[in-house]
Amino acid sequence: MQAFRQQIAQLTQSHSSEETVRDRVLKTAQRLFANKGYEATTTKDLAAQAGISEGTLFRHFENKKAILVEVATEGWVEILTDLLTELSEMGSYKAVAQVMKRRMFRLHENGELLRVCFFEAQFHPELRERIQSEVIAKMTDVTEAFFETAMERGIYRRMNPRVVAQVFLGMFTIAGFSNDTIIESDAPPQAMKEMAEGIADIFLNGVLAEPEY
């Protein structure tokens, strides 16, 4: 499991020492892009809301598109890294359910980021490509390594760990969006708990009933 933690550390190392001004610009951009849209947000807006000049903004970012790409990339790295650091708990139904529940609530807290990523990615191919290469592909690799190790230890049954990793991350994503799609936005916490437990049950046990003989 130490090797698994080292992979996560390497994945996030380049995102752990960013400058304060740069962080402020990214947080401001996430809020403005989510509420006004990328096209309607100007670099003048970004600079003013972040409390800096446009000249300072352009010393940190080449252009507005670069800011959009960084908002999405770094946001997803943070969200998925939180998930992956909890994978070591997932040796039982109860543990998987707890991880899913925590991640679902956390994704709901990141609603602005999700709106930016999935709305703007429709119009910016470079954003889709960056998320795929910098986030999804790397996270799938790390998750695959975890499941491979867990299978070798007998925690999970032997099968293709790459496929298991892809299915798990896909179900996690669905869980994150369920608050505004599958589950009503004003649903009580119990509904989200039941969704998390259901996803954990399906992930671990499938949906087919035991055959009767």
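In which helix does T81 lie? Select T81 in your viewer and you will land in helix α5, which covers residues 64-85. Keep in mind as you go that this is a predicted model.

**Stop 1: T81**

With T81 still selected, switch on a surface. T81 counts as buried, because its relative accessibility is 9% and the cut-off for buried is under 20%. Now add V142 to the selection and draw a distance between the two C-alpha atoms. The two residues are 61 residues apart along the chain, and their C-alpha atoms are separated by 9.9 Å.

**Stop 2: the whole protein**

Zoom out and colour by secondary structure. You will find 10 helices and 0 strands. Following the sequence from start to end, the pattern reads α-α-α-α-α-α-α-α-α-α. Of the 213 residues in the protein, 42% are buried. If you show contacts with a separation of 6 or more, 69% of them are between residues 24 or more positions apart.

**Stop 3: helices α2 and α3**

Next, select residues 20-36 for helix α2 and residues 43-50 for helix α3. How do the two axes sit relative to each other? They come within 9 Å and cross at roughly 125 degrees. That makes α2 oblique to α3. As for handedness, the crossing of these two helices is right-handed.

Show the side chains where the two helices meet. On the α2 side, pick R24, V25, T28, A29, R31, L32, F33 and K36. On the α3 side, their partners are D45, L46, Q49 and A50. Colour this contact by residue type and you get 6 nonpolar, 2 polar and 4 charged residues.

**Stop 4: T28 and K36**

Two residues of α2 deserve a click of their own. Start with T28, which is placed in helix α2. Is T28 buried or exposed? T28 is buried, since its relative accessible area is 5%, and buried means under 20%. Setting aside residues up to four places away in sequence, T28 touches L46, Q49 and A50.

Then move to K36, also in helix α2. K36 has a relative accessible area of 44% and is partly exposed. Which residues does K36 contact, once neighbours within four places in sequence are left aside? Select T41 and D45 to see them.

**Stop 5: aromatic pairs**

Now show the aromatic rings. Across the whole structure there are 4 aromatic pairs. One of them is F33 with Y38, an edge-to-face pair whose ring centres are 5.3 Å apart, with 65 degrees between the planes. Both F33 and Y38 are buried. You have already met F33 on this tour, as one of the α2 residues that meet α3.

For another pair, select F147 and F168. The centres of these rings are 5.9 Å apart and the planes stand at 70 degrees, so the pair is edge-to-face. F147 belongs to helix α8 (residues 125-152) and F168 to helix α9 (residues 161-177), so this pair ties together parts that are 21 residues apart in sequence. Both F147 and F168 are buried. Widen the selection to F146, F147, Y156 and F168, and you have one aromatic cluster on screen.

**Last stop: N63**

Finish in a loop. Where is N63 placed? Look between α4 (54-60) and α5, and you will find N63 in the loop there. At 30% relative accessibility, N63 counts as partly exposed. Add T43 to the selection and draw one more C-alpha distance. N63 and T43 are 20 residues apart along the chain, and their C-alpha atoms are separated by 8.3 Å.

Note on methods
Residues numbered from 1 in each chain as written. Predicted model: local features only at pLDDT ≥ 70, side-chain atom pairs only at ≥ 80, totals over all residues. Heavy atoms only, no water. Axes fitted to C-alpha atoms, helices over the stretch in contact; angles between N-to-C directions. Helix = DSSP H or I, 4+ residues; strand = E, 2+ residues; numbered from the N terminus. Parallel < 35°, antiparallel > 145°, perpendicular 65-115°, else oblique. Left-handed = near helix turned anticlockwise from the far one by under 90°. Contact = heavy atoms within 4.5 Å. Nonpolar A, V, L, I, M, F, W, Y, C, P; charged D, E, K, R; others polar. Phe/Tyr/Trp six-rings, centres within 6.5 Å; stacked < 30°, edge-to-face > 60°. Buried < 20%, exposed > 50% of the residue type's maximum accessible area, 1.4 Å probe, protein only.
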